[in-house]
Amino acid sequence: MKKKSVRSSENRSGNDLWFCYCCFLLICVELWCRIPRKKRINKRLVVSNMAELEATAVTSDMESGNMVFEPILEEGVFRFDCSPDHRNAALPSVSFVNSKDRDTPMMGTQQVPSYTPTFECVHGQQIVQLELPIGTSFYGTGEVSGQLERTGKRVFTWNTDAWGYGPGTTSLYQSHPWVLAVLPSGEALGVLGDTTRRCEIDLRKESTIKFIAPSPYPVITFGPYASPTDVLISLSHAVGTVFMPPKWSLGYHQCRWSYHSDARVREIAQTFRKKGIPCDVIWMDIDYMDGFRCFTFDQACYSLDNSERFPNPKSLVEDLHLTGFKAIWMLDPGIKLEQGYFVYDSGTERDVWIQTLDGKPFVGGVWPGPCVFPDFTQSNARSWWASLVKGFVSNGVDGIWNDMNEPAVFKVVTKTMPESNVHRGDIELGGCQNHSYYHNVYGMLMARSTYEGMKSADENKRPFVLTRAGFIGSQRYAATWTGDNLSTWEHLHMSISMVLQLGLSGQPLAGPDIGGFAGNATPKLFGRWMALGAMFPFSRGHSETDTIDHEPWSFGEECEEVCRLALKRRYRLLPHIYTLFYMAHTMGTPVATPTFFADPKDPRLAQISTARTHPSSPATPGLLCGVFFVVFSGEHSERSLSKMRDPNNALACVKTNANSTYRSPGSPASQSEMFNDTSLGENLLLVMQSAYNALVELNLDKNITVTTALLLAMLETTMSDEGIDQLQHVLPKGIWLSFDFGDSHPDIPALYLQGGSIIPVGPAIQHVGEAKPTDDLSLLVALDEHGKAKGVLFEDDGDGYEFTRGGYLLTTYVAELESSVVTVKIVETEGSFRRPKRRLHIQLLLGGCAKLDAWGVDGEIIQVKMPSEDEVSKLVTMSEKQYKIGMETVRRIPDVEKVSGHMGIELSRTPIELKSSVWALKVVPWIGGRIISMEHLPSALVDLLLIILGDTVPGTQWLHSRVEVNGYEEFSGTEYRSAGWSEPYNVIEKNLEQAGERESLMLEGDIGGGLVIERQISFPEDNSNIFRIDSRILARTVGAGSGGFSRLVCLRVHPMFTLLHPTESYVSFTSIDGSKHEVWPESNEMFFEGDLRPNGNSLSLSLSLSLCLCLIREGEWMLFDKCTGLGLVNRFNVSEVHKCLVHWGTGTVNLELWSEDRPVSKESPLRISHEYEVTSIA
């Protein structure tokens, strides 16, 4: 590393030419440091800074070239390896349904891939690079936060307990080493890095996919095919389709950590039925267990109401079944180490535990305390677990929730078990390997064991398993959710792209914790989230302990009504949703897809699919969710609406072309009322589309072609009172007809159906079991420009496996307009399931929520006579007027800033944002004035030059915390969380232009006893690379009797930084006495006082763009991430800092600065001034 060069402003002003020359040199050095090492290091090549993992390496120190290929599986699928030796050395596939499919070449074919990857093998790491045409967009990569399009991003596949993750978090709960590339032509290509190990997916270079993981592993490509859907279908032939869910699991689920007793569960169930809010499932979190011991029930007394917790779970479930509820119970992998506990004893007898290197069972702390962990890589352990599940199901268990299965381990910096632990895996999975090999598939193998146990318990019922951790292929066994999110508008927005990414990675049955898991939602946030979440493939509300209640009725009558309307809508659409999942199960078609699936060649849709999650970034994200189409909008549009008639002039409809938008009925038409360049939090439009292939025709096995598309639109706003009625929507090409169920409301989606579509709709019910085969069936019909429409309905018993033996009914309905008469009939059926005797209700959509109704008998031809053109226009006009009146008179959810209740802290208030060219901060004055997000962005100049070089640098989120705790805090004493950490702070100054300051925020918090903490956060004008914090404790009103001095106080700066790569991060500095220090996570906690405090004068750093710093740089230390090659430098005035503390937590590290401990007066405050800068390390 080189020393920083600093020149004074006086000298700089005296020699502009010298200054410019130095700037140029510094920029060159900065760029040199950022260029990937493989481009500038010859013999000692460093490819990746990720933790070194043991691998079955067959390479020499350096190999490179084009990968060799062979066609596999089906036409268009290729396997690539670095060499034939690599192919032979590669371990079995865990992602493929049948590993032999990956290893068996297709014979007698002359196929040649369109694109061939290159590779480099260096020091046991295999770098694969695939260059695609310029303009290619990237999606997929599994469960990831942030924007939908992954172009320019980097992901590390390493399953991580990521509570409260943010948009910049690079490793979440699941791993999908998979990229879906959409080419400029509209064709699509899928790329799978088939490795279970920690893998870096680097998409930062334009149109280039790069995988970095321990060698050897094959890369599988799918396509190019005509559409993204074709790629996903081909992927499903390799990794499998989603399990066929029981129909009840597609209803609404209610969960909480925790419903503590039998009585509380019954109360929740009764309230749903009493209030007429549809629901099918109630969940039991970990507190139902006896001391968190899996497969047990706590029968002790619950202190709050003196009732027994779960004295008879089977009786509870039987009573729930009587009112139409199912019960799902949690099981974690951590088994309490306790002799006499039957699960531990039987597992020990069967020798099923993961072992340490010395052959002893690994013991790690989780909820029950010291725990051992089943080794699900062994068939012996999986059958043991399945037998326990089988017995557990006999208590009336309807479904099982696998949590904490990354696996999560408490009180260790990695949040998981050591990578050196030993798994004695089956040969077909890879044999005996260390944990680094099996870590990412541990959750999937646990879900598999649970699924198999449930299936063996009752062959006439379909298992339902939900898993937090997973791998590509997990959809064969379990649904998933997006983990421990937050009750914020940002997380509401992110939940859409996260569900879609999972769908684009082969997992269609996914959803978020509706309302947010951590923190308290406000009524509007919860209502809007429910309105959206009711349409997700998996729909479940869930919340954390010590928060207020988050049931649909917990936020006032207005919010309750929105939840009721939204969930009734879901249940009316269940026939359609269930059909979608049948297609997903049998064919591999997606259920949730982005907007561009409507037309991959339309650049408009690709643009609105790019969701930027930074609240201050203007964006127009567009998403198409198989059952929904989602669009966020924030841009002006001058596109016009064109109306057309069908060829017979008998049907009024709306047709949009490539430059069209559609305005909701009754919404204002002025340009000022349309989308403006505001943050996503202010204007969030959701348009959800249901389609078997989102406008792309699919040929089913029996020549059934489906092009159904249902579109929903909703505006989400955090700062204005706009609703869906005040919004214009950017729609895909084609005809789109609006409709509703008499439930239009500003806080729930508006509905559109694409011309050419028919969708089945059922009655409004309270739970799936309430529906009967003989209930009336409705068909919503939207004719295309040719006066035709088509749709499909799948029906069976809703559970069991008779459908695999022909016990189902698949019906294709068509409609056609001829001579002013629309004829609806069945053109094809499949399956032995008898058609129920029922009435068929045809609802022909006219637009503007207007419909024509006709009744008949299902199975017979039904005709609808079209009125004249004038009559149609009158019907549409009347319907639009009724819509407008309804929107004006409905009770909207009020804007409530705070939620009443003693538990938790509400999170939905909007943080203050401070930005420079390279820093983006979020500050919450109302709780400790804390900084909850600290994101570093590449400087505009460096970014521009890197783009010229064909590279990009994504932002790095150094700090991300929940609103009410952690993040950057300051205390007024040496005690942890002493006064100052949670008090409300007032904003004294904000965004004031000051000499030498670009942007600043001044806060002040009263800490009692006449004392305040003042804190100024600013970006110096002369150096945008840093941000500065000046804090002080001062006396305002110290009583005369005290002699003008306060109590003893200490200004304790307490920042908790997020570690993106915990095992590869350390703190580095040189002390005043010259000693050098590298503080690694194993040290837990260390103080540095006196001459051991960091001294910036002797600390070597890489050069930066900065030439001048205004602060005295006496103290300097750095948090270094070896994986990214970046260091976060913290500089401070040593004379103000009495001691420094490094404290390693679980995935976090504190770099604390403590002042001296003394009284203060008005004239003698305590002060700490310090700053942060990110630097690249050569």
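Helices, of at least four residues, and strands, of at least two, are DSSP runs numbered from the N terminus. In this predicted model, that numbering places Asp 351 in the loop between α8 (342–350) and β20 (364–366). Asp 351 has a positive phi, near 60 degrees, although the residue is not a glycine, and its relative accessible area of 37% makes it partly exposed. Arg 977, in the loop between β55 (968–971) and β56 (985–990), likewise has a positive phi of about 60 degrees without being a glycine, and is partly exposed at 30% relative accessible area.

Two cis peptide bonds are listed below.

| Cis peptide bond | Omega | Place of the proline |
|---|---|---|
| Ser 215 to Pro 216 | near -5 degrees | loop between β12 (208–214) and β13 (219–225) |
| Gly 223 to Pro 224 | about 10 degrees | strand β13 |

The largest nonpolar core has 168 residues, and Phe 222, Tyr 288, Trp 329 and Phe 464 are those with the most contacts inside it. Helix α15 (residues 574–587) gives the largest share of this core, nine residues. Because domain 1 (63–239) and domain 2 (603–612 + 622–632 + 705–716 + 730–889) both contribute residues to this core, it lies between them. Beyond its neighbours within four places in sequence, Phe 222 is in contact with residues including Leu 73, Trp 178, Leu 192 and Val 231. Another core, of 51 residues, lies apart from the largest one and has Ile 1017 and Trp 1144 among its members.

The axes of helix α13 (residues 523–533) and helix α14 (residues 557–572) come within 8 Å and cross at roughly 5 degrees, so α13 is roughly parallel to α14. Among the residues that meet are Phe 526 and Met 530 of α13 and Val 562 and Leu 567 of α14; by class, this contact has nine nonpolar, two polar and one charged residues.

Methods:
Residues numbered from 1 in each chain as written. Predicted model: local features only at pLDDT ≥ 70, side-chain atom pairs only at ≥ 80, totals over all residues. Heavy atoms only, no water. Core = buried A, V, L, I, M, F, W, Y, C linked by side-chain atoms within 4.5 Å. Buried < 20%, exposed > 50% of the residue type's maximum accessible area, 1.4 Å probe, protein only. Domains from an automatic or database assignment. Contact = heavy atoms within 4.5 Å. Axes fitted to C-alpha atoms, helices over the stretch in contact; angles between N-to-C directions. Parallel < 35°, antiparallel > 145°, perpendicular 65-115°, else oblique. Nonpolar A, V, L, I, M, F, W, Y, C, P; charged D, E, K, R; others polar.
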